[in-house]
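Here's a quick look through a small set of computed features, told in running text with a table along the way. Have the viewer open as you read.

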Amino acid sequence: KRYDALYIAPMYQSFLVVFGAISGAVFFRELEGLSKIQLVGLVVSLAVMLCGISCCILSSRPEQASKRLLLEEVQGKLSYV
(Lines give C-alpha, C1' and ligand atoms only; values in the text may rest on other atoms or scores of the structure.)
Protein backbone atom coordinates (compact mmCIF):
# COMPACT_ATOMS: atom_id res chain seq x y z
CA LYS A 1 0.00 0.00 0.00
CA ARG A 2 1.91 3.01 -1.24
CA TYR A 3 -0.76 5.68 -1.71
CA ASP A 4 -4.07 6.45 -0.09
CA ALA A 5 -7.25 5.70 -2.00
CA LEU A 6 -8.38 9.28 -1.34
CA TYR A 7 -5.47 10.38 -3.49
CA ILE A 8 -5.61 7.83 -6.30
CA ALA A 9 -9.37 7.64 -6.97
CA PRO A 10 -9.85 11.35 -7.80
CA MET A 11 -6.72 11.32 -9.96
CA TYR A 12 -7.96 8.32 -11.90
CA GLN A 13 -11.41 9.88 -12.37
CA SER A 14 -9.92 13.19 -13.51
CA PHE A 15 -7.67 11.56 -16.08
CA LEU A 16 -10.61 9.50 -17.30
CA VAL A 17 -12.70 12.65 -17.87
CA VAL A 18 -9.86 14.56 -19.56
CA PHE A 19 -8.87 11.78 -21.92
CA GLY A 20 -12.54 10.94 -22.59
CA ALA A 21 -13.17 14.52 -23.68
CA ILE A 22 -10.05 14.60 -25.83
CA SER A 23 -10.73 11.25 -27.49
CA GLY A 24 -14.37 12.18 -28.11
CA ALA A 25 -13.27 15.43 -29.70
CA VAL A 26 -10.82 13.63 -31.98
CA PHE A 27 -12.72 10.44 -32.83
CA PHE A 28 -16.32 11.72 -33.02
CA ARG A 29 -15.43 15.27 -34.13
CA GLU A 30 -17.52 16.75 -31.32
CA LEU A 31 -15.81 20.13 -31.52
CA GLU A 32 -17.29 20.92 -34.93
CA GLY A 33 -20.79 21.55 -33.54
CA LEU A 34 -19.75 23.74 -30.62
CA SER A 35 -20.21 27.48 -30.55
CA LYS A 36 -17.30 29.70 -29.50
CA ILE A 37 -18.63 30.13 -25.96
CA GLN A 38 -19.05 26.36 -25.56
CA LEU A 39 -15.54 25.79 -26.86
CA VAL A 40 -14.15 28.34 -24.40
CA GLY A 41 -16.09 26.64 -21.59
CA LEU A 42 -14.67 23.26 -22.55
CA VAL A 43 -11.10 24.53 -22.67
CA VAL A 44 -11.46 26.39 -19.36
CA SER A 45 -13.01 23.39 -17.61
CA LEU A 46 -10.27 21.05 -18.84
CA ALA A 47 -7.62 23.59 -17.79
CA VAL A 48 -9.13 23.86 -14.30
CA MET A 49 -9.17 20.07 -14.00
CA LEU A 50 -5.54 19.78 -15.13
CA CYS A 51 -4.53 22.50 -12.66
CA GLY A 52 -6.26 20.55 -9.90
CA ILE A 53 -4.43 17.39 -10.90
CA SER A 54 -1.10 19.20 -10.91
CA CYS A 55 -1.83 20.68 -7.47
CA CYS A 56 -2.53 17.18 -6.15
CA ILE A 57 0.68 15.85 -7.66
CA LEU A 58 2.81 18.74 -6.39
CA SER A 59 1.32 18.62 -2.90
CA SER A 60 2.18 14.93 -2.40
CA ARG A 61 5.03 14.44 0.01
CA PRO A 62 7.32 11.56 -0.90
CA GLU A 63 9.25 11.94 2.38
CA GLN A 64 6.16 11.06 4.39
CA ALA A 65 5.36 8.10 2.14
CA SER A 66 8.89 6.73 2.42
CA LYS A 67 8.84 7.13 6.22
CA ARG A 68 5.52 5.29 6.37
CA LEU A 69 6.84 2.46 4.18
CA LEU A 70 9.95 2.16 6.34
CA LEU A 71 7.84 2.04 9.49
CA GLU A 72 5.58 -0.65 7.99
CA GLU A 73 8.64 -2.67 6.94
CA VAL A 74 10.16 -2.46 10.42
CA GLN A 75 6.84 -3.42 12.03
CA GLY A 76 6.53 -6.36 9.64
CA LYS A 77 10.01 -7.63 10.55
CA LEU A 78 9.26 -7.28 14.24
CA SER A 79 6.12 -9.36 13.92
CA TYR A 80 8.17 -12.31 12.60
CA VAL A 81 10.46 -12.32 15.65
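Which residues form a nonpolar patch on the surface? In this predicted model, the patch is built from Phe15, Phe19, Ile22, Val26, Ile57 and Leu58, and together they put about 620 Å² of accessible area on show. Helices H1 (5-27) and H2 (36-59) each chip in at least two of these residues, with H1 giving the most, four residues. Leu58 sits in helix H2 and is exposed, at 72% relative accessible area.

Now for the overall layout. The protein chain has three helices and zero strands, so to speak an α-α-α pattern when you read along the sequence. Of its 81 residues, 10% are buried. The chain exposes about 7000 Å², and 69% of that comes from carbon and sulfur atoms.

How many aromatic pairs are there? The count comes to two. Take Phe15 and Phe19: their ring centres are 6.0 Å apart and their planes meet at 15°, so this pair is stacked. These two residues are four apart in helix H1, which means that about one helical turn separates them. Both also belong to the nonpolar patch. Phe15 is partly exposed at 33% relative accessibility, while Phe19 counts as exposed at 52%.

The other pair is Phe27 with Phe28. Here the ring centres lie 4.8 Å apart and the planes are at 85°, so the pair is edge-to-face. Phe27 is exposed, with 66% relative accessible area, and Phe28 is exposed too, at 57%.

Here are the two pairs side by side:

| Pair | Ring centres apart | Angle between planes | Class |
|---|---|---|---|
| Phe15 and Phe19 | 6.0 Å | 15° | stacked |
| Phe27 and Phe28 | 4.8 Å | 85° | edge-to-face |

Last, the cysteines. How many disulfides does the count come to? It comes to zero disulfides. For Cys51, the nearest cysteine sulfur is that of Cys55, 6.6 Å away. A disulfide needs two cysteine sulfur atoms within 2.5 Å, so Cys51 is in no disulfide. Looking from the other end, Cys55 has the sulfur of Cys51 as its nearest, 6.6 Å away, and is in no disulfide either.

Are these cysteines buried or exposed? Cys51 counts as partly exposed, at 47% relative accessibility. Cys55 comes out as exposed, at 51%; the cut-off for exposed is over 50%.

How values were computed
Residues are numbered from 1 along each chain as its sequence is written. This is a predicted model: local features need pLDDT of at least 70, side-chain atom pairs count only at pLDDT 80 or more; totals for chains, interfaces and linings use all residues. Side-chain values use heavy atoms; hydrogens and water are left out. Buried means under 20% relative accessible area, exposed over 50%, partly exposed in between (1.4 Å probe, protein chains only). Patches are made of residues with over 30% relative accessible area and no salt bridge: like charges are joined within 9 Å, nonpolar side chains (Val, Leu, Ile, Met, Phe, Trp, Tyr) within 5 Å. Accessible areas come from the Shrake-Rupley method with a 1.4 Å probe; for residues, only the protein chains shown count as cover. A salt bridge is a side-chain nitrogen of Lys or Arg within 4 Å of a carboxyl oxygen of Asp or Glu. Rings of Phe, Tyr and Trp (its six-membered ring) pair if their centres lie within 6.5 Å; planes under 30 degrees apart count as stacked, over 60 as edge-to-face and the rest as tilted.
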